[in-house]
Every structure is written in C-alpha cells, then in structure tokens.
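Trainee: I am new to this structure and would like a close look at a single part. Please take one residue within a sheet and build the picture outward from there.

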Amino acid sequence: MSQFTCSIIKIKIWEGKNLMACDRGGTSDPYCIFGFVDNKGKFLKNQKFCTDVQKTKAIEKTLNPKWEVSKEFKIEGGEKYDFQIMVWDKDMVGDDFMGLVRIKQEDFIDGIEIEKWYELQPKSNKKKDKVSGSIRVSFFYQSKDLLIKEYTQKEDKKNKLRREKNRKRKLINNKDFFSKHIKEIQKGDDIDEILEAIEKLYLLSNTEEKANTIDFEQIENYSR
C-alpha cells in the first residue's frame, strides 16, 4: 500500500492491570488480539485494503501483564474504521474472553498521539460477560492528507538545502572574485565559515561577473 493512498495508525499496547482471574490458581495467561473492525465489531481479516489483525504473546500467570507491543496499521482510502483490542486468557482447551476496548474513529485526532487507560468492556450490553480491569494503550493517527503534507514539507526542505548548496558552489566557482579576496579570509576557518565569508564579500561587491571554476577540493584544503 502506498503512503499516499492510505492512512496510518501506530498502536502500542503497554500493559494491563487488575484483570479477571480465569484459572484455578487465581491468575490468567492474558494476550491481546487487535485490529480494525466493521460496524458490527467484527475484525477485518484478510482484507487487501488494510493491515491484518495482530496478536500479542500470552503473559503467563498474571493479572497485571506487560505486553509492550507496537504495531503499525495501514488502511486504504479515506474511510475510518473503529479499532478494537480484545483480551483473552490462553488455555489448553478453549480460550476465555476477558474483555475488550473499542477505540472509535472519532477518537482519532490527526497527527496527535494519545495515551490512556481503557476500562475493559463486555462484548455487548446484552451479554453479561464477566470482565474487570483495564489496559494502557497509546495510538498515533496520520491521515493520508497529513502524510502527503508532511512528505511535501520534507521535500521542500531538501530542495531548499539543495538550492542553498548550489548557490554556495556558484560563489566559490567565481575564481576571480575568490582570488581577489582570499587574503581577507582567516586560515583555520572551516568550510562553512569560508563559504559564509565569501558570500558576504560577494554580496558587498554586488558583482555578477562570470569566471572560470576552481576545484572544490582547493577550498576544503585551504580550510584545513
């Protein structure tokens, strides 16, 4: 997927606290499944227009797991989808549901990173799932428009630096002018200081005369 046709969400699932005990020993082996969901809360799996569902590893025998997992999700087009994190207890036979977090699309603020604790919720209001605890999550959303804007700004900066470099080269390539004022530049100056000095002298002279070029290495050697 091209960075110019998709939006990006960078998600980090940090940790959980006070989760529900699902095992006999009074602990759980919690892990998370997370990704985009449709309006019914169903994960968007194996879709070409978005990153597939991801999964953390299970942290054994704890109610306060630390996952610290970061993933980047991309989705094509301008549409937004809710993002869901489901917490499960890993068992030998049949994993137990421990709760979920649904991050609504309106919670995504373009270019702003958000980090907070989310209380785990049941699958639906109709079902009385036993859930407890919360998880700490941070996410950073970038729309395709923002990505294009940031790319354009970076390219403009590169082009500006390139033009500045070419302008300085033009100054030092004025051999006659450089030779005339070479004694006014102190030895030991670094190349940037030399170029700055030449530029000031050039501007003061207000000359536009053409001249033969000199090797750039001569300037570098002179600065040493």
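Mentor: What follows begins with one side chain and then moves to the sheet, the rings and the other sheet.

This is a predicted model, in which local features need pLDDT of at least 70 and side-chain atom pairs count only at pLDDT 80 or more, while totals for chains, interfaces and linings use all residues. Residues are numbered from 1 along each chain as its sequence is written, and side-chain values use heavy atoms, with hydrogens and water left out.

The residue to start from is Gln84, which lies in strand 5, residues 82-89; strands here are DSSP runs of E with at least two residues, numbered from the N terminus. Gln84 has a relative accessible area of 1%, so it is buried, where buried means under 20% relative accessible area, exposed over 50%, and partly exposed in between, with a 1.4 Å probe and protein chains only. The side chain of Gln84 makes a polar contact of 2.8 Å with the side chain of Arg102, and a polar atom of the Gln84 side chain also lies 3.4 Å from the backbone oxygen of Gly41. A polar contact is a pair of N or O atoms within 3.5 Å; within protein, one must be able to donate a hydrogen and the other to accept it, and residues adjacent in sequence count only if both atoms are side-chain atoms. Beyond its neighbours within four places in sequence, Gln84 is in contact (heavy atoms within 4.5 Å) with residues including Ile33, Phe34, Val37, Phe43 and Leu100.

The sheet that holds strand 5 is open and has four strands in the order 3-2-5-6, with antiparallel pairing; two strands pair if DSSP finds at least two bridges between them. Its edge strands are strand 3 (54-55) and strand 6 (96-103), each of which pairs on one side only. Strand 5 meets strand 6 in the antiparallel sense over seven bridges, and Met86 has Leu100 in strand 6 as its bridge partner.

Strand 5 also takes part in an aromatic pair, one of nine found in a search of the whole structure. Rings of Phe, Tyr and Trp (its six-membered ring) pair if their centres lie within 6.5 Å; planes under 30 degrees apart count as stacked, over 60 as edge-to-face and the rest as tilted. The ring centres of Phe36 and Phe83 are 5.6 Å apart with the planes at 85°, so this pair is edge-to-face. It links distant parts of the chain, with Phe36 in strand 2 (residues 30-37) and Phe83 in strand 5, 47 residues apart. Phe36 counts as buried at 2% relative accessibility, and Phe83 counts as buried at 0%. Ring pairs join Phe34, Phe36, Phe73 and Phe83 into a cluster.

Elsewhere, an open sheet of four strands follows the order 4-1-8-7, with antiparallel pairing, and its edge strands are strand 4 (66-76) and strand 7 (113-119), each pairing on one side only. Seven bridges connect strand 7 with strand 8 (residues 134-142), and the two run antiparallel; Lys116 stands opposite Val137 in strand 8.

Back in the loop between strand 2 and strand 3 sits Asn46, which has a positive phi of about 55° although it is not a glycine, and which is exposed with a relative accessible area of 68%.
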